[in-house]
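Work through the exercises below with the structure in view. Try each task before reading its solution.

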Amino acid sequence: EAHIDDVLAAIHAEDRPRVAAFVSGAVPQAARATIEYRVVLPDGAVRWYVSLARVPVEERTPARLMGATIDVTERKLAEDATARQRAELEHLSRVATLTELSGTLAHELNQPLGIIMSNAEAAQRLLEADTPDLAEVAEILNDIVAADERAGQVIQRMRNFLQRREPARRRISLNRAVENVMQFMRADLARREV
C-alpha cells in the first residue's frame, strides 16, 4: 500500500498531471479504463507503465484505489524503433524517387536557366543599341525574374522532399497540387506524348 503522493513523485513530470487526474477521478469514466505514463527510477532510467481500472476500494478517508500496473517499456521501445525505421524507409523512398526523377529535374532546372540566359543575352544586345528600347529591356528583366523564381521553387520543393522529418498534415488545394505535378512532370509527359 502506497500513498498517492509517493506514487506521483516517481512519475515523469510531464505525465504527472494526467495521472493525478486519473487517480482523483477527474477524468470521465469512459476514459478511465487505462492510462499510460512514464516512471523515473532512482537511477534516472525511465520505464513506461500502463495502469488498468481505477477501482475505488471502500468509501472511507483516506480514499483507497486498486488496480493493476503493467511494465510496457519493451513495447514502447519497439514502437519507437519501428517508427524510426518507418521514417528511415520513407526517407530512402524519397531519395530513390528523386533519383528516378533526376532527368526531369535536370530539364526543370535547365529550362528556366536557359530562359534566363537567352533573355540576358537579348537584353545585352538591346542595351548596345544607340537608342535602347528600355520598355522591352524591362519586359525581358521581368521574364528573367520569373524564370529565376521558377528555378528557385523547383530547388525548394526538392529540399523539402528530401528532408528527414515527420510529414506535416495540412489542407491543400488539389488543383494546385495537380498543377505542381504537371509542371514537374511536363518534360517526361511531353516525351511520352501524354
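The exercises that follow concern a predicted model.

**Exercise 1. The overall layout**

Task: State how many helices and strands the chain has, and in what order the elements run.

Solution.
- Step 1. Count the elements: the chain has 6 helices and 3 strands.
- Step 2. Read them from the N terminus on: the order is α-α-β-β-β-α-α-α-α.
- Step 3. Turn to burial: 23% of the 194 residues of the chain count as buried.
- Step 4. Turn to the surface: the accessible surface of the chain is about 14200 Å², and 56% of that belongs to carbon and sulfur atoms.
- Step 5. Consider contacts between residues at least 6 apart in sequence: 46% of these join residues at least 24 apart.

**Exercise 2. The surroundings of D15**

Task: Find where D15 lies, decide whether D15 is buried or exposed, and name its salt-bridge partner R18's exposure class.

Solution.
- Step 1. Locate the residue: D15 sits in the loop between helix 1 (4-10) and helix 2 (16-24).
- Step 2. Apply the cut-off: buried means under 20% relative accessible area. D15 is at 5%, so D15 counts as buried.
- Step 3. Look for contacts: leaving out residues up to four places away in sequence, D15 touches Y37 and R38.
- Step 4. Look for a salt bridge: the side chains of D15 and R18 meet in one, at 3.5 Å from N to O.
- Step 5. Classify the partner: R18 has a relative accessible area of 39% and is therefore partly exposed.
- Step 6. Widen the view: a network of salt bridges links E14, D15, R18 and R38.

**Exercise 3. Two salt bridges within helices**

Task: The structure holds 10 salt bridges. For R75 with E79, and for E179 with R176, find the distance between the closest N and O atoms and the separation along the helix.

Solution.
- Step 1. Take R75 and E79: their closest N and O atoms are 2.7 Å apart.
- Step 2. Place this pair: R75 and E79 are 4 residues apart in helix 3 (residues 73-100), so about one helical turn separates them.
- Step 3. Check exposure: R75 is at 35% relative accessibility and counts as partly exposed. E79 is also partly exposed, with a relative accessible area of 35%.
- Step 4. Take E179 and R176: the closest N and O atoms of this salt bridge are 3.3 Å apart.
- Step 5. Place this pair: both residues lie in helix 6, 3 residues apart, about one turn of the helix.
- Step 6. Check exposure: E179 is partly exposed at 45% relative accessible area, and R176 is partly exposed at 44%.

**Exercise 4. Two surface patches**

Task: Which residues gather in a patch of negative charge on the surface, and which make a nonpolar surface patch?

Solution.
- Step 1. Name the charged group: D133, E136, E139 and D143 form the negative patch.
- Step 2. Examine one member: D143 is found in helix 5 (residues 134-162).
- Step 3. Classify D143: its relative accessibility is 43%, so D143 counts as partly exposed.
- Step 4. Name the nonpolar group: L174, V178 and M182 make a patch of about 310 Å².
- Step 5. Examine one member: M182 is found in helix 6 (residues 174-191).
- Step 6. Classify M182: at 45% relative accessibility, M182 counts as partly exposed.

**Exercise 5. Two residues and their contacts**

Task: For A10 and K76, find the helix of each, the exposure class, and the residues each touches, not counting residues up to four places away in sequence.

Solution.
- Step 1. Locate A10: it lies in helix 1.
- Step 2. Classify A10: with a relative accessible area of 28%, A10 is partly exposed.
- Step 3. List its contacts under the stated condition: A10 touches V39 and V40.
- Step 4. Add a distance: A10 and V46 are 36 residues apart in sequence, and their C-alpha atoms are 10.0 Å apart in space.
- Step 5. Locate K76: this residue lies in helix 3.
- Step 6. Classify K76: its relative accessibility is 14%, so K76 counts as buried.
- Step 7. List its contacts under the stated condition: K76 touches E36 and W48.

Note on methods:
Residues are numbered from 1 along each chain as its sequence is written. This is a predicted model: local features need pLDDT of at least 70, side-chain atom pairs count only at pLDDT 80 or more; totals for chains, interfaces and linings use all residues. Side-chain values use heavy atoms; hydrogens and water are left out. Patches are made of residues with over 30% relative accessible area and no salt bridge: like charges are joined within 9 Å, nonpolar side chains (Val, Leu, Ile, Met, Phe, Trp, Tyr) within 5 Å. Accessible areas come from the Shrake-Rupley method with a 1.4 Å probe; for residues, only the protein chains shown count as cover. A salt bridge is a side-chain nitrogen of Lys or Arg within 4 Å of a carboxyl oxygen of Asp or Glu. Lys and Arg count as positive and Asp and Glu as negative; His and the chain ends are not counted. The place of a charge is taken as NZ of Lys, CZ of Arg, CG of Asp or CD of Glu. Buried means under 20% relative accessible area, exposed over 50%, partly exposed in between (1.4 Å probe, protein chains only). Contact means heavy atoms within 4.5 Å.
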